[in-house]
Amino acid sequence: MAKKKLQSAFFCQNCGYQSSKWLGKCPQCNEWNTFVEEVTSKHLEKTGWKSLTKIHKPKKIDEISLVKDNRFKLNDNELNRVLGGGLVPGSVILLGGDPGIGKSTLLLQLALRSDKMTLYVSGEESEYQIKMRAQRVSDSSDNCFILTETSTQNISQHIESLNPNIVIIDSIQTLHTSTIDSSPGSVSQIRECTSELIKYAKSSGTSVFLIGHINKDGAIAGPKILEHMVDTVLQFEGDRNYLYRILRSVKNRFGSASELGVYEMNSKGLREVSNPSEILISDRDEPTSGVAIASTVEGARPLMIEIQSLVSSAVYGTPQRSATGFDNRRLNMLLAVLEKKCGFRLAVKDVFLNITGGIKPDDTAIDLAVLCSILSSDQDIPIDMLTCFAAEVGLSGEIRSVNRIDQRISEAEKLGYKKIIISKYNKFDKSNKKIEIIQCSKIEEVFSRLF
Ligand code: TYD
Ligand code: MG
């Protein structure tokens, strides 16, 4: 007798596009050679989640009771902030980030510090490894349960008997469900496991955190649809050589998507940093040349950052331009503006630029601080330690206005700065500001005031 043929389809492993035949190039994400055949036949009888079989009836919207802001606070203020003020019961949160950045540490700490019953499911590490990490972060808890398991059928049984308030899955790529025959980590497995967990979360009111691996472009590995399915997508980023880690919300159905949390990785795990500006600016007793402070806004959070530069005569023929944490092309553009509009001869000089703390600000308001730090190093004249900058520089050397100027000024004032240089065209709230606000329209004006 002929064997029954299994149903299958081809999936782009980059974006999750489904096709009935093999394709060389994905029509959705334009990647080459990403199609893999996956078995799609479902064995629904094998699903383990009993709670999923509940049948919902249509309800009048007026009859749906609303518990007034039922979100609960976690013992981690940075995470609360990023989630929009606490954890919403029944929400599903996807946490992505580079390997070794601290995703497992962050969520294990959350599990250990939580007052609610939390189940940490790991498909990547053994119980012993997790215990060692827990010892390292030196928290102990009565409410934290550890399970090392990868089958969603088994996980569902344990969840149903334990009935936790928070479930953490480390990582979604290691799970597999027996309702589908394809291998763990494949697009259809990831999608199916996520959808089972989402249905469970919504019907039980348990919040689920999913850790997701990222691919080489920095997107969460697996189908893009994953990000559409969950309520919140968080990205954990930072430079491995630096201690700071930034938790960013990319999508949030229950709050603003521009929130930011800052942590410091030390020998005892991740420490919350409630005032990041203080650490990003190094302690100095006397002003040094080549240092300028910029008032930036990362996400929705104001942040004072320090910019250092070193300008020296080029030893070799071609001058070097190198920037850490700042776009090299933008640096070249700013140097060209200095050369052409202000007459500084930098073409024969090496220019090195560094943004301290390992952060990569994505804010054009640091332009003016970059220029001033370069000139301060070139002229070897230090900038006053209590002066900071917040403005964009245009191609003709004009100082342009930037958004959220009131927030930037208040942050500078809060941290004890005495002067801030901004664009002449920036409108701001003039009431009760103690800081001196200097408005300039051309780079030359800024220089004549500084040097
Ligand atoms: P981990 O949480 O395993 O990262 P991910 O789950 O994102 O892959 O973090 C591992 C890194 O964190 C590792 O390189 C060591 C470092 N670390 C510390 O520096 N201090 C600590 O207390 C812990 C637990 C980890
Ligand atoms: Mg991990």
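Student: How do you know that both faces of strand β5 are covered?

Tutor: Look at the two sides in turn: T118, Y120 and S122 are buried on one, and L119 and V121 are buried on the other. Buried means under 20% relative accessible area, exposed means over 50%, and partly exposed is what lies in between, with a 1.4 Å probe and protein chains only. For β5 (residues 118–122), 5 of the 5 residues are buried, so the strand is largely enclosed by the rest of the structure. This is a predicted model, in which local features need pLDDT of at least 70 and side-chain atom pairs count only at pLDDT 80 or more, while totals for chains, interfaces and linings use all residues. Residues are numbered from 1 along each chain as its sequence is written, chains are lettered from A and ligands numbered from 1 in the order in which they are written, and side-chain values use heavy atoms, leaving out hydrogens and water.

Student: What makes β5 a strand, and what makes β6 and β7 its partners?

Tutor: Strands are DSSP runs of E with at least two residues, helices are runs of H or I with at least four, and both are numbered from the N terminus. Two strands pair if DSSP finds at least two bridges between them. β5 has 5 bridges to β6 (residues 144–148), in the parallel sense, and 5 to β7 (residues 166–170), also parallel, so both pairs pass the definition. T118 shows this nicely: C144 stands opposite in β6, and I166 is the bridge partner in β7.

Student: Why is the unit of β5, α3 and β6 called right-handed?

Tutor: Point the strands away from you; a crossover is right-handed if the path from the first strand over the helix to the second then runs clockwise. The path from β5 over α3 (residues 127–136) to β6 is of that kind.

Student: What makes β15 and β21 edge strands?

Tutor: They belong to an open sheet of 7 strands with mixed pairing, in the order β15-β16-β14-β13-β17-β20-β21. β15 (321–324) and β21 (436–440) each have a single partner strand, so one side of each is left without a neighbour in the sheet. Neighbouring strands here are turned by 25 degrees against each other on average, direction ignored. Inside the sheet, β17 (residues 387–390) and β20 (residues 419–423) run parallel with 4 bridges, including the one between A390 and I422.

Student: How do you know that helices pack on this sheet?

Tutor: From contacts, meaning heavy atoms within 4.5 Å, and from axes fitted to C-alpha atoms (for helices over the stretch in contact), with angles from 0 to 180 degrees between N-to-C directions. α9 (residues 367–379) lies across β13, β14, β16, β17 and β20, at about 30 degrees to β14. α11 (residues 443–450) touches β17, β20 and β21, and its direction makes about 140 degrees with that of β21.

Student: What makes a group of residues a nonpolar core?

Tutor: The members are buried Ala, Val, Leu, Ile, Met, Phe, Trp, Tyr and Cys residues joined through side-chain atoms within 4.5 Å. The largest such core has 42 residues, and among those with the most contacts inside it are F326, L368, I374 and F389. α9 gives the most to this core, with 7 residues. Apart from it lies another core, of 30 residues, among them L83, L95, I211 and M265.

Student: Why is D231 called buried?

Tutor: D231 has 3% relative accessibility, so this residue falls in the buried class. D231 sits in the loop between α6 (225–229) and β9 (232–237). Polar contacts are N or O pairs within 3.5 Å; within protein, one atom must be able to donate a hydrogen and the other to accept it, and residues adjacent in sequence count only if both are side-chain atoms. The side chain of D231 makes such contacts with those of K202, at 2.6 Å, and R253, at 2.7 Å.

Student: And what makes the backbone at N33, N432 and S171 worth a look?

Tutor: Most residues other than glycine have a negative phi, and most peptide bonds are trans. N33 has a positive phi of about 60 degrees, and N432 has one of about 25 degrees. With relative accessibility of 61%, N33 is exposed, and N432 at 74% is exposed as well. The peptide bond from D170 to S171 is cis, with omega near 0 degrees.
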